[in-house]
Amino acid sequence: DRGKCLGRKFDDIWPDVAHFVRPQLDAVLASGIGESWSDVRIEFVRDNAPVETFWNYSFTPVLASDGSAVGLYNGAVETTATVQRDRANALVMPRSP
């Protein structure tokens, strides 16, 4: 249950993608500057099978009084349906010259 994430380690919450996003997460924690990404392809295992998914997500540092990053807020929205719809539309809609 990802709803019980507060105070837990990222790698324990999202073990299937930690290897992919860990460098981004570490960079935000090191710099103290938030970052965001759009329609990023991330493969998950759902129902024991790999599934192509797409996500908009951000990492926002939680700062201590001295300005150092001591935690992280991760907001995420799955955009798979939108990406799939856009792909399908690109196949059937003629392109303008």
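This is a short tutorial dialogue on reading the pocket, cavity, helix 2 and core of a predicted model.

Student: How do we find empty space in a structure, and what volume does the largest pocket have here?

Tutor: Rolling a probe the size of a water molecule over the atoms shows where space is left empty. In this predicted model, the largest pocket holds about 420 Å³ of space. It has 17 lining residues, and those closest to its centre are Cys5, Arg8, Ile13, Leu72 and Asn74.

Student: Which elements give two or more residues to that lining?

Tutor: Look for helix 1 (10-13), helix 2 (18-31) and strand 3 (69-78). Strand 3 gives the most, with 6 residues.

Student: And what does the lining of the largest pocket look like by class?

Tutor: Sort the residues into classes: 11 are nonpolar, 3 are polar and 3 are charged.

Student: Now for closed spaces. How many cavities of 30 Å³ or more are there?

Tutor: The count is 1, and the volume of the largest cavity is about 120 Å³. Its lining is made up of Phe10, Trp14, Val17, Val21, Ile42, Phe44, Trp55, Tyr57, Phe59, Asn74 and Ala76. Strand 1 (35-46), strand 2 (49-63) and strand 3 each give two or more of these residues, and strand 2 has the largest share, with 3.

Student: How many charged residues line the largest cavity?

Tutor: There are no charged residues in that lining; it has 10 nonpolar residues and 1 polar one. Asn74 is worth a second look, by the way: it lines the cavity and is also among the residues closest to the centre of the largest pocket.

Student: Let's turn to helix 2. How far does it reach from its first C-alpha to its last?

Tutor: Compare the span with what's expected at 1.5 Å a residue: helix 2, with 14 residues, reaches 19 Å, close to the expected 20 Å. Just after helix 2 comes Gly32, with a positive phi near 75°.

Student: Which residues of helix 2 are buried, and what do they pack against?

Tutor: The buried ones are Ala18, Val21, Gln24, Leu25 and Val28. Helix 1, strand 1, strand 2 and strand 3 are what the buried residues of helix 2 pack against.

Student: Last one: which members of the largest nonpolar core touch the most other members?

Tutor: Ile42, Tyr57 and Phe59, out of 13 residues. Helix 1, helix 2, strand 1 and strand 2 each give two or more residues to this core. Take Ile42: leaving aside neighbours within four places in sequence, Ile42 is in contact with Val17, Phe20, Val51, Glu52, Thr53, Trp55 and Tyr57.

Note on methods
Residues are numbered from 1 along each chain as its sequence is written. This is a predicted model: local features need pLDDT of at least 70, side-chain atom pairs count only at pLDDT 80 or more; totals for chains, interfaces and linings use all residues. Side-chain values use heavy atoms; hydrogens and water are left out. On a 1 Å grid over the protein atoms alone, a cavity is a set of points where a 1.4 Å probe fits but cannot get out, and a pocket is an open set with protein on both sides within 12 Å along at least five of seven lines; lining residues have an atom within 4 Å of a point. Grid points are joined across faces, edges and corners, and a volume is the space filled by probe spheres set on the points. Helices (H or I, at least four residues) and strands (E, at least two) are DSSP runs, numbered from the N terminus. Ala, Val, Leu, Ile, Met, Phe, Trp, Tyr, Cys and Pro count as nonpolar, Asp, Glu, Lys and Arg as charged, and the others, Gly among them, as polar. The expected span of a helix is 1.5 Å times one less than its number of residues. Buried means under 20% relative accessible area, exposed over 50%, partly exposed in between (1.4 Å probe, protein chains only). Contact means heavy atoms within 4.5 Å. A nonpolar core is a set of buried Ala, Val, Leu, Ile, Met, Phe, Trp, Tyr and Cys residues joined through side-chain atoms within 4.5 Å.
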